[in-house]
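Please open the structure in your viewer and keep the selection panel at hand. The tour proceeds from one selection to the next and states what is found at each stop.

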Amino acid sequence: MQLYTDRLEGKGEYILPTETRYEGEMKDGMFHGHGTLHFPNGSRYEAEWDCGIALEGEYTFSDGLKFKDKNWEYCDGYDRRFYTEICSGLKPAGRSQLTNLDPPRQIPDGCYGCGDGFYDPITRVVSDFQHRFLRNADDDEHEWIVRTCRKGWDQVTGYKSQSPHCTET
């Protein structure tokens with residue numbers, strides 16, 4: 001950057017008293033041309049400037065989310081996730097995340113998904129995702145899989161009373 005009397009000219013860096021840093025082109029001591037404001041919180045505003053006025057620019061939050069003034073879909077009434085949660089694949093409220101895979105692996109009919117493969121409760125065999133034998137399940141593993149793992153079929157369940165004193169009439 002060159003200094004002409006008390007005016008800044010050319011390309012360079014200017015740090016404001018708020019610790020906001022401008023990096024880019026200047027003319028007559030004003031932001032002029034392409035430049036970026038870097039804010040202390042890690043966000044930034046990259047813009048085309050004309051005599052200190054931003055003509056067109058893009059604001060990026062410190063987590064990488066880019067602001068859009070039209071068609072803004074982030075943090076709306078239906079989806080309250082943070083941007084980093086969206087990027088890492090966390091599902092919004094009301095949509096179950098059944099596995100770490102999206103879409104989840106299809107479980108063969110009559111079997112359970114058990115992490116390292118599929119479990120057939122009739123044969124008590126755990127197979128990997130390529131249907132190769134892994135192991136025979138003992139009684140404890142069988143009970144745990146049947147009680148806790150995803151099923152490869154839909155099962156309709158009805159209302160179950162929480163109170164042993166209630167009876168249907």
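Buried means under 20% relative accessible area, exposed means over 50%, and partly exposed covers what lies in between. The coordinates belong to a predicted model.

**First stop: Asp-116 and Arg-135**

Select Asp-116, which counts as partly exposed at 35% relative accessibility. Add Arg-135, likewise partly exposed, with a value of 26%. A salt bridge joins Arg-135 to Asp-116, and the closest N and O atoms are 2.8 Å apart. Because Arg-135 lies in strand E10 (residues 133–136) and Asp-116 in the loop between strand E7 (112–113) and strand E8 (118–120), this pair ties together parts that are 19 residues apart in sequence.

Keep Asp-116 selected and add Ser-127, which is found in strand E9 (residues 125–127). From C-alpha to C-alpha, Ser-127 and Asp-116 are 8.1 Å apart in space, and they are eleven residues apart in sequence. Is Ser-127 buried or exposed? With a relative accessibility of 16%, Ser-127 counts as buried.

**Second stop: helix H2**

Move to helix H2, which spans residues 139–148, and select Arg-147 and Glu-143. These two residues form a salt bridge whose closest N and O atoms are 2.7 Å apart. Why are Arg-147 and Glu-143 separated by about one helical turn? The reason is that they are four residues apart in helix H2. Arg-147 counts as exposed at 54% relative accessibility, whereas Glu-143 counts as partly exposed at 40%.

**Third stop: Glu-13, Arg-21 and Glu-23**

Select Glu-13, Arg-21 and Glu-23 together; a network of salt bridges links them. Within this group, the closest N and O atoms of the salt bridge between Glu-13 and Arg-21 are 3.3 Å apart. Glu-13 is partly exposed, its relative accessible area being 41%. Arg-21 also counts as partly exposed, at 25% relative accessibility. How many salt bridges does a search of the whole structure find? The search finds eight.

**Fourth stop: a patch of glutamates**

Select Glu-25, Glu-46, Glu-48 and Glu-56, which gather on the surface in a patch of negative charge. Then restrict the selection to Glu-48, a residue of strand E5 (residues 44–50). The relative accessible area of Glu-48 is 38%, so this residue is partly exposed.

**Last stop: two cysteines**

Select Cys-114 and Cys-149, and display the distance between their sulfur atoms. The sulfur of Cys-114 has its closest cysteine sulfur in Cys-149, at 5.9 Å, which is too far for a bond. Seen from the other side, the closest cysteine sulfur to that of Cys-149 is in Cys-114, at the distance of 5.9 Å. For a disulfide, the cut-off is a pair of cysteine sulfur atoms within 2.5 Å. How many disulfides does a search of the whole structure find? The search finds zero. Cys-114 is buried, with a relative accessible area of 12%. Cys-149 counts as buried too, at 14% relative accessibility.

How values were computed
Residues are numbered from 1 along each chain as its sequence is written. This is a predicted model: local features need pLDDT of at least 70, side-chain atom pairs count only at pLDDT 80 or more; totals for chains, interfaces and linings use all residues. Side-chain values use heavy atoms; hydrogens and water are left out. Buried means under 20% relative accessible area, exposed over 50%, partly exposed in between (1.4 Å probe, protein chains only). Patches are made of residues with over 30% relative accessible area and no salt bridge: like charges are joined within 9 Å, nonpolar side chains (Val, Leu, Ile, Met, Phe, Trp, Tyr) within 5 Å. Accessible areas come from the Shrake-Rupley method with a 1.4 Å probe; for residues, only the protein chains shown count as cover. A salt bridge is a side-chain nitrogen of Lys or Arg within 4 Å of a carboxyl oxygen of Asp or Glu. Lys and Arg count as positive and Asp and Glu as negative; His and the chain ends are not counted. The place of a charge is taken as NZ of Lys, CZ of Arg, CG of Asp or CD of Glu. Helices (H or I, at least four residues) and strands (E, at least two) are DSSP runs, numbered from the N terminus.
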